[in-house]
Amino acid sequence: MSGPTLFMAGERWRCFLAPSRSSLFRVLHNSCCRKKSTTPKKITPNVTFCDENAKEPENALDKLFSSEQQASILHVLNTASTKELEAFRLLRGRRSINIVKHRENFGRFQNLESLMNVPLFKYKSTVQVCNSILCPKTGGEKRKLLENRFLRKLLKPDIERERLKAVNSIISIVFGTRRIAWAHLDRKLTVLDWQHSDRWSLMKGTSYSSSVYLEEISSIISKMPKADFYVLEKTGLSIQNSSLFPILLHFHIMEAMLYALLNKTFAQEGQHQVLSINRNAVGKHFELMIGDSRTSGKELVKQFLFDSVLKANPRVFFPSDKIVRYRQMFLSTELQRVEELYDSLLQAVAFYELAVFDSEP
């Protein structure tokens, strides 16, 4: 059963139940799982929340929590050691030390208001601490929150973790101003297909004709096999640089066309099959970033190809019946540095390692 939900100045605190690791946490668990009779009142937004130093009405804190909840919070404040207090994220550091020192100097806390006599505690922070004591987050829940936050930064649009975990194959697509490349990998990181196309007339002239884009992209998509997801590279170019506007326009048109043409079942199912992945996040994953700039992934891809032949358990597996063709394709592009080809493969590997197998919050 879920615990109470508190609202304060437009912010929502969600309650998560901690496992009963000690009598201390059992008291909190019982208090957080009470029925409606013990649910704290919603806090009405007040201008004082914008000012930590503003005074609140007398006994304002005690009115926010039921008598049982107050007793649970005071039990923690009056009995927990510094180490036990630090189990609550908002009580780490000086706050837990100050609580114990205040107890030693002035005795037990008689009410919640008295907590504001402790250094580093104002009204707003005291309410937050009381809520966190009532409903502490478990380690697993904390990790899940961090993973979700990481995924939101890595992928757009937001996607359910369960769908990512169940993926069987993806097509990673990287396009530039002169070519487009894609890599088709399954969840074992086996390269099923890997191609690039230089037949590119999209940026010739300045007309940006929609019909030309449609013809070119449709022709390329027709060669792609089906996959659970199509992953596009999200450019890191800044729109504030006016000289890059033609390139940015090209990238946005490409992205919009691919979203529309590959999301064939979106109207019926309402689920995205096309995702955009942060380019710099992929670069950081493979340690290709120098400051804000990303270096070439050519040497890393070259190593993947060699390892697939020389190692029993390579990071990326190229099937024996295709390895010769892929190596020849790679060698033929080495002088031209076809970065889109290299990046499409690295992007696919990063997608699996970051979003499917494990996330790095």
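Which side chains does a polar contact of 3.4 Å join? Let's work that out together in the exercises below, keeping in mind that this is a predicted model.

**Exercise 1. Find the partner of Glu 334 and describe its surroundings.**

Solution.
- Step 1: Locate the residue. Glu 334 sits in helix 13, which covers residues 320–334.
- Step 2: Look for the polar contact. The side chain of Glu 334 is joined to that of Lys 302 at 3.4 Å.
- Step 3: List the neighbours. Leaving out residues up to four places away in sequence, Glu 334 touches Lys 298, Lys 302 and Tyr 342.
- Step 4: Decide between buried and exposed. Glu 334 has a relative accessible area of 19%, and buried means under 20%, so Glu 334 counts as buried.

**Exercise 2. Explore the second largest pocket: state how much space it holds and what lines it.**

Solution.
- Step 1: Start with the volume. About 450 Å³ of space lies in this second largest pocket.
- Step 2: Turn to the lining. There are 21 lining residues, and those closest to the pocket centre are Glu 233, Thr 235, Gly 236, Phe 251 and Arg 279.
- Step 3: Trace the lining of the second largest pocket back to helices and strands. At least two lining residues come from each of strand 4 (169–175), strand 7 (229–234), helix 9 (245–262), helix 11 (279–285) and helix 14 (339–357).
- Step 4: Sort the lining residues of this pocket by character. They divide into 9 charged, 8 polar and 4 nonpolar.

**Exercise 3. Work out what is unusual about the backbone at Pro 157, Glu 287 and Arg 337.**

Solution.
- Step 1: Recall the usual picture. Most peptide bonds are trans, and most residues other than glycine have a negative phi.
- Step 2: Check the proline. The peptide bond from Lys 156 to Pro 157 is cis, with omega near -5°. Pro 157 belongs to the loop between strand 3 (155–156) and helix 7 (161–165).
- Step 3: Check Glu 287. This residue is not a glycine, yet its phi is positive, about 55°. Glu 287 lies in the loop between helix 11 and strand 9 (289–290). Its relative accessibility is 72%, so Glu 287 counts as exposed.
- Step 4: Check Arg 337. Here too phi is positive, about 55°, in a residue that is not a glycine. Arg 337 is in the loop between helix 13 and helix 14, and is partly exposed at 40% relative accessible area.

**Exercise 4. Find aromatic residues that pair or cluster.**

Solution.
- Step 1: Count the pairs. The whole structure has 8 aromatic pairs.
- Step 2: Examine one of them. Phe 351 and Tyr 352 have ring centres 6.1 Å apart and planes at 80°. Planes over 60 degrees apart count as edge-to-face, so this pair is edge-to-face.
- Step 3: Check their accessibility. Phe 351 and Tyr 352 are both buried.
- Step 4: Look for a cluster. Trp 194, Phe 318 and Tyr 326 form one.
- Step 5: Compare sequence and space. Phe 306 is 12 residues from Phe 318 along the chain, and their C-alpha atoms are 9.8 Å apart. Phe 306 lies in helix 12 (residues 298–310) and is partly exposed, at 34% relative accessibility.

**Exercise 5. Say where His 252 lies and how far it is from Lys 234.**

Solution.
- Step 1: Place the residue. His 252 is in helix 9.
- Step 2: Judge its accessibility. At 41%, His 252 counts as partly exposed.
- Step 3: Read off the distance. His 252 and Lys 234 are 18 residues apart along the chain, with 9.6 Å between their C-alpha atoms.

Conventions. Residues numbered from 1 in each chain as written. Predicted model: local features only at pLDDT ≥ 70, side-chain atom pairs only at ≥ 80, totals over all residues. Heavy atoms only, no water. 1 Å grid on protein atoms, 1.4 Å probe; cavity = no way out; pocket = protein on both sides within 12 Å on 5 of 7 lines; lining within 4 Å. Points joined across faces, edges and corners; volume = space filled by probe spheres on them. Helix = DSSP H or I, 4+ residues; strand = E, 2+ residues; numbered from the N terminus. Nonpolar A, V, L, I, M, F, W, Y, C, P; charged D, E, K, R; others polar. Buried < 20%, exposed > 50% of the residue type's maximum accessible area, 1.4 Å probe, protein only. Polar contact = N/O pair within 3.5 Å; in protein donor to acceptor, adjacent residues only side chain to side chain. Contact = heavy atoms within 4.5 Å. Phe/Tyr/Trp six-rings, centres within 6.5 Å; stacked < 30°, edge-to-face > 60°.
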